[in-house]
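Colleague: I'm new to this one and would like a close look at a single part of it. Could you walk me through that part and show me how it sits in the whole?

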Amino acid sequence: MGILNVTPDSFSDGSTLYQAGQLAGDLILQRAAAMVAAGATILDLGGESTRPGATPVSVQQELDRVLPALELILRELDVIVSIDSSTPEVFTESARLGAGMLNDVRALGREGALQAAAATGLPVCLMHMQGNTPADMQLAPHYEDIIAEVGDFLQQRVVACEQVGICRERILLDPGFGFGKTLEHNLRLLNQMQRLESLGLPLLVGTSRKSMIGQALDRPVDQRLAGGLATAVMAVERGARIIRVHDVAASVDAVRMAEAVIKESRGEQA
Ligand SMILES: Cn1cnc2c(O)nc(N)nc21
């Protein structure tokens, strides 16, 4: 899953897709096409930054950022576009234009989000975040047993989805690295991620360029590729099925290599 932030302040996307305040359509398409050429099968399109401390945007602002980019990509490229949003109106309008899935860091927690997501008929990724928003999630993260608490939260959200008619076949789960977690929490979460397989749903993981890598390696955001690849491989070893990344080409090779080794260990053809 390639990351395509159409937000002026995305925390690591140096080539922000904004020029003088206008959405740079050509840059968006260029970046999208490059990620597809590099092997991305899904592009995750987001109009509201979810980095720690991010300020929320208005619904209209989010629509104005996401919908034009979505139309452009779907018109020019053959790729599944995931919508990184927590906003019911964005779910509805994006689905109408042909989005392929919804990716909500708030696990459909906003008012009306469950119903709107259900009505789209699209697959949904439910992610764990401790705290209500990226603005406050890093203030004082605390867990007794992080993997149990993340698992319980995700299970509760699956039940909430089933209650509005979102069947299990449409649900992906995500432990939410960096969303209300300290470095220790993130490392333990990655170590014990395999326990989430008991929920019986595909896992999506995103660690690319995140502060857990910066803190562990003392690296700035533009020097976290190697650390990110290490976490991607470990996530695949522990059951992740989709990896959400900035650096698609390198990540595809690292994940494919890991999968070749895993297949051999199962006696399968590489
Ligand atoms: C939007 N976004 C930022 N980080 C993410 C992560 O780790 N998982 C998912 N599903 N979305 C994310």
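Modeller: Happy to, and let's begin with the whole chain before zooming in. The mean positions of its 23 positive and 33 negative charges are 2 Å apart. Keep in mind that this is a predicted model.

The chain's secondary structure comes to nine helices and 10 strands. For 270 residues, a compact globule would have a radius of gyration near 18 Å, and the chain has 18 Å, so the two agree. Its C-alpha trace spans about 45 × 40 × 40 Å along the principal axes. Of the 270 residues, 52% count as buried. The chain exposes about 12100 Å², with carbon and sulfur atoms supplying 51% of that. If you take contacts between residues at least 6 apart in sequence, 68% of them join residues at least 24 apart.

Now for the part itself: helix H2, residues 59-76. At 1.5 Å a residue, its 18 residues should span 26 Å, and the end C-alpha atoms are indeed 26 Å apart, so H2 agrees with the expectation. Quite a list of its residues is buried: Glu62, Leu63, Arg65, Val66, Leu67, Ala69, Leu70, Leu72 and Ile73.

Gln60 lies in H2 too. Its relative accessible area is 48%, and because exposed means over 50% and buried means under 20%, Gln60 counts as partly exposed. For a sense of where Gln60 sits, look across to Phe153: the two are 93 residues apart along the chain, and their C-alpha atoms are separated by 30 Å.

Notes:
Residues numbered from 1 in each chain as written. Predicted model: local features only at pLDDT ≥ 70, side-chain atom pairs only at ≥ 80, totals over all residues. Heavy atoms only, no water. Helix = DSSP H or I, 4+ residues; strand = E, 2+ residues; numbered from the N terminus. Expected span 1.5 Å × (residues − 1). Buried < 20%, exposed > 50% of the residue type's maximum accessible area, 1.4 Å probe, protein only. Rg over C-alpha atoms; globule rule 2.2 N^0.38 Å. Contact = heavy atoms within 4.5 Å. Areas by Shrake-Rupley, 256 points an atom, 1.4 Å probe, with all protein chains shown as cover. Lys, Arg positive; Asp, Glu negative; His and termini not counted. Charge placed at Lys NZ, Arg CZ, Asp CG, Glu CD.
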